[in-house]
Amino acid sequence: MSLNGAGQGAAPPTTTWRPSTAFVLGAAAGVALLGLGVLAGRPDVALLGAGPVLGAAWSARRGGTGPVEVREEIELDKNGAMPARRLAASYRIEAPGAGHVRLRVSRFGSVTVSALVALDEDGSRTLHASTSSARNGAQPLFTLDHLAVGPAGSTVAEPGRVDATRIVALPQARRLPPLPLPFRLRGLTGAHASRRPGDGGDLRDVHLFQPGDRLKRIDWRVTARRSPQLEELYVRRDFALADSVVVIVLDSRDDVGPDAATWSGAVPVRPDEHTSLDIAREAAASLANQVVASGDRVALRDLADARRPLDPGTGRRHLDRFLWHLATTSPRGAARDTVRAPQLPSGALVILLSTFLDPQSALVASQWRRQGHRVIAIDTLPPLRSGSLTARERLAVRLVTIERTDRLAELESLGVETFAWVRTPVKQPRKTSADDGAPRTAVPETPAGPEVQLLRLGYRSHGQPGKGVGR
Amino acid sequence: MSARDLASIELDLRPSVPAAALRVTAGVAGGLAVLLVGFQGWRDAVNADGLWDGFGSPQLTGWSVVLGILASAWIVWRTQDHVAPLLAVGVGVASLATAGGISWRTFVLAGLLLVMLRASALVGGLPWDARVEIDVLRPVLRSTGAVLLAVIAAGAVAGFLDGTNPPDFGMKLLGFGAVVVAGVWLLPKSWLRGKDR
């Protein structure tokens with residue numbers, strides 16, 4: 001799938017060429033030196049001006065002509081998006097009457113690149129530009145400024161610009177271990193063993209044939225052993241399979257960076273840093289990838305935008321739809337208090353991705369937990385950086401952090417499992433002279449990453465497959 | 001936030017050189033031209049008294065040399081300010097203070113000024129880390145060489161015709177060579193092509 005954007009419109013416009021300032025001034029300097037030498041009767045001084053004048057005379061005959069056109073071509077994935085780790089675009093430059101072209105490719109969050117590029121013999125050139133982005137979601141691609149220069153550098157065309165096209169950068173999914181299962185599995189098919197009688201699972205028991213049993217389930221060996229005269233028939237009965245529904249709830253009301261001074265919005269977040277929404281998107285993409293890979297169903301809900309829920313589904317196309325929904329989420333307006341938590345499929349595993357900077361997300365998580373859902377709250381706030389904060393800002397951050405910690409502790413007490421997606425590095429205690437020779441104490445370890453945390457949570461449910469099913 | 005932290009944009013360019021090299025080339029050419037005129041002025045100075053005064057004749061003081069070097073540095077620093085044409089005229093004016101006559105220094109000076117003007121015009125306004133493809137430089141180098149040959153040829157003729165200062169042997173040789181090369185260059189190409197087999 002490709003997007004074509006014409007930098008100068010559909011029809012090639014007429015391009016005005018004008019002498020370049022450097023050419024005019026260089027020629028003027030040559031003429032001045034030549035005149036000076038003639039007036040002073042000094043052939044050596046006149047000779048100094050002969051070079052620039054001859055060069056100007058040679059160049060003046062070879063000015064640029066014809067139109068200049070630059071087209072942008074963007075190769076998108078089949079879902080119309082682009083991976084954030086490689087954003088790429090191609091630019092087709094067509095300037096048959098030019099010698100070379102000055103280019104400047106810029107993008108917010110990337111180092112601007114400038115170059116003088118030569119054209120092929122047919123006066124065209126195709127350039128590929130690529131970069132990576134720390135951010136995901138909707139964002140502008142490259143802005144290309146171009147200036148065609150005549151064959152001898154004597155003339156320049158009008159400067160042109162190809163404005164940045166807005167693309168959707170998909171979050172990069174991480175490989176995760178099998179996810180925890182909900183407290184109740186659903187259905188009679190799926191990838192998980194349940195305790196309901198049915199088909200597909202392990203052996204449950206051998207039972208007398210009853211009306212309704214299928215003939216193919218008759219176990220002839222057991223029947224021959226227990227009833228040689230065939231007065232009774234025995235059938236094998238299996239456990240059924242079940243699938244789990246995972247509802248990923250994204251709290252897109254906050255999009256904050258690691259520097260608390262940027263939270264007001266007056267100062268932009270550094271483009272090379274992940275914001276909380278970037279982390280949430282990456283986490284949601286990784287989780288959804290794993291859910292779909294294990295054959296379960298995944299749904300997406302946005303706490304800030306109730307109009308765009310994505311119903312539970314599975315398969316590659318559903319995952320593409322999920323990633324597109326995910327990548328196009330963005331903070332919309334102020335936070336809206338809800339009285340009741342959004343309704344979710346019964347028995348679903350709820351994974352809530354939020355910064356927990358306000359009580360709203362914690363409130364809905366507690367409501368879901370009280371309704372009997374297994375709720376995993378993942379903290380998506382990036383590790384905070386307080387080096388550049390003022391004393392007042394530092395105090396405010398401290399208060400917010402205390403509130404947040406209390407909020408997460410309260411959730412834990414309600415039975416909501418919590419962990420942070422991005423590990424906050426633990427400061428190592430400074431070694432003092434008094435420590436020399438003392439026995440080494442245990443250094444607090446850095447919190448485990450999401451893979452380990454999910455393994456830890458998954459052990460509870462995987463150790464007891466189908467716990468509670470059929471009740 | 002420094003530029004080191006930002007992601008870089010990759011462009012599939014052909015073999016290229018950094019624009020900084022051309023900026024430095026323009027500045028060095030300008031500085032050498034200034035020093036050459038200054039040295040010539042120092043050698044030709046009448047009543048040289050001390051190093052500072054001896055840097056030139058009364059018309060070309062040491063301050064002019066310092067000013068020229070500063071102008072060369074300016075060319076490197078801000079090429080887009082078009083200081084190079086101004087410096088070229090300044091060097092020409094300063095040359096008036098030296099003894100007249102066309103010598104090898106005149107050709108070197110003409111070459112330096114031409115390189116300075118061409119290089120600064122090419123990279124004017126480009127940032128330090130911009131890339132200049134060698135395919136862009138090639139025609140510029142070719143035309144600069146051709147113009148220099150023409151200048152040498154013209155200088156050689158002018159040197160022969162100039163009766164005030166007899167040309168030395170080296171310049172005669174140079175002029176002769178230039179005339180031969182220019183003559184070959186001007187010959188119709190069909191004359192130089194071999195017979196088709």
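## Report on a predicted two-chain model

The domain assignment of chain A gives three entries: domain 1 (2-170), domain 2 (194-242) and domain 3 (245-427 + 444-462); such bounds come from an automatic or database domain assignment. The centres of domain 2 and domain 3 of chain A, taken over C-alpha atoms, are separated by 47 Å. The model is predicted, so local features need pLDDT of at least 70 and side-chain atom pairs count only at pLDDT 80 or more, while totals for chains, interfaces and linings use all residues. Residues are numbered from 1 along each chain as its sequence is written, and chains are lettered from A and ligands numbered from 1 in the order in which they are written.

**Chain B**

Chain B contains eight helices and four strands; helices (H or I, at least four residues) and strands (E, at least two) are DSSP runs, numbered from the N terminus. Along the sequence of chain B, these elements follow the pattern β-β-β-α-α-α-α-α-β-α-α-α. Of its 197 residues, 40% count as buried. A residue is buried if 20 or more other C-beta atoms lie within 10 Å of its own, exposed if 12 or fewer, and partly exposed in between, with C-beta atoms placed from the backbone. Two residues are in contact if their C-beta atoms, placed in that way, lie within 7 Å. Among contacts in chain B between residues at least 6 apart in sequence, 74% join residues at least 24 apart.

**The contact between the chains**

Chain A contributes 49 residues to the contact and chain B contributes 50 residues. On the side of chain A that touches chain B, at least two residues each come from helix 1 (21-40), helix 2 (43-60), strand 6 (100-106), strand 7 (110-111), strand 8 (113-118) and strand 9 (124-131). Helix 2 of chain A provides the largest share of that side, 12 residues. By residue class, the side of chain A that touches chain B has 28 nonpolar, 16 polar and five charged residues. Here Ala, Val, Leu, Ile, Met, Phe, Trp, Tyr, Cys and Pro count as nonpolar, Asp, Glu, Lys and Arg as charged, and the others, Gly among them, as polar.

Strand pairing also links the two chains: strand 9 of chain A and strand 2 (residues 10-11) of chain B run antiparallel and are joined by two bridges. Two strands pair if DSSP finds at least two bridges between them. In strand 2 of chain B, B:Glu10 stands opposite A:Ser130.

Helix 1 of chain A has 20 residues, which at 1.5 Å a residue should span 28 Å, and its end C-alpha atoms are 28 Å apart, in agreement; the expected span is 1.5 Å times one less than the number of residues. Its buried residues include A:Phe23, A:Leu25, A:Leu33 and A:Leu34. The buried residues of helix 1 of chain A pack against strand 2 (17-19) and helix 2 of chain A, together with helix 4 and helix 5 (104-123) of chain B. Just after helix 1 of chain A, A:Gly41 takes a positive phi of about 65°.

**Strand pairing within chain A**

Strand 21 (residues 374-379) of chain A is largely enclosed by the rest of the structure, because six of its six residues are buried. A:Arg374, A:Ile376 and A:Ile378 point one way from strand 21 of chain A, whereas A:Val375, A:Ala377 and A:Asp379 point the other way.

| Strands of chain A | Bridges | Direction | Residue pair |
|---|---|---|---|
| Strand 20 (349-354) and strand 21 | six bridges | parallel | A:Val350 and A:Val375 |
| Strand 21 and strand 22 (417-420) | four bridges | parallel | A:Ile376 and A:Glu417 |
| Strand 10 and strand 14 (166-170) | four bridges | antiparallel | A:Gly137 and A:Ala169 |

Strand 21 of chain A, helix 7 (residues 391-414) of chain A and strand 22 of chain A make a right-handed β-α-β unit. A crossover is right-handed if, with the strands pointing away from the viewer, the path from the first strand over the helix to the second runs clockwise.

A mixed open sheet in chain A consists of three strands in the order 4-14-10. Its edge strands, each pairing on one side only, are strand 4 (82-83) and strand 10 (137-140) of chain A.

**Positive phi values in loops**

Most residues other than glycine have a negative phi. A:Leu230 has a positive phi near 65° and is found in the loop between helix 3 (220-226) and strand 16 (234-242) of chain A. With 9 C-beta neighbours inside 10 Å, A:Leu230 counts as exposed. B:His82 has a positive phi near 55° and is found in the loop between helix 3 (62-77) and helix 4 (83-95) of chain B. B:His82 is partly exposed, with 18 other C-beta atoms within 10 Å.
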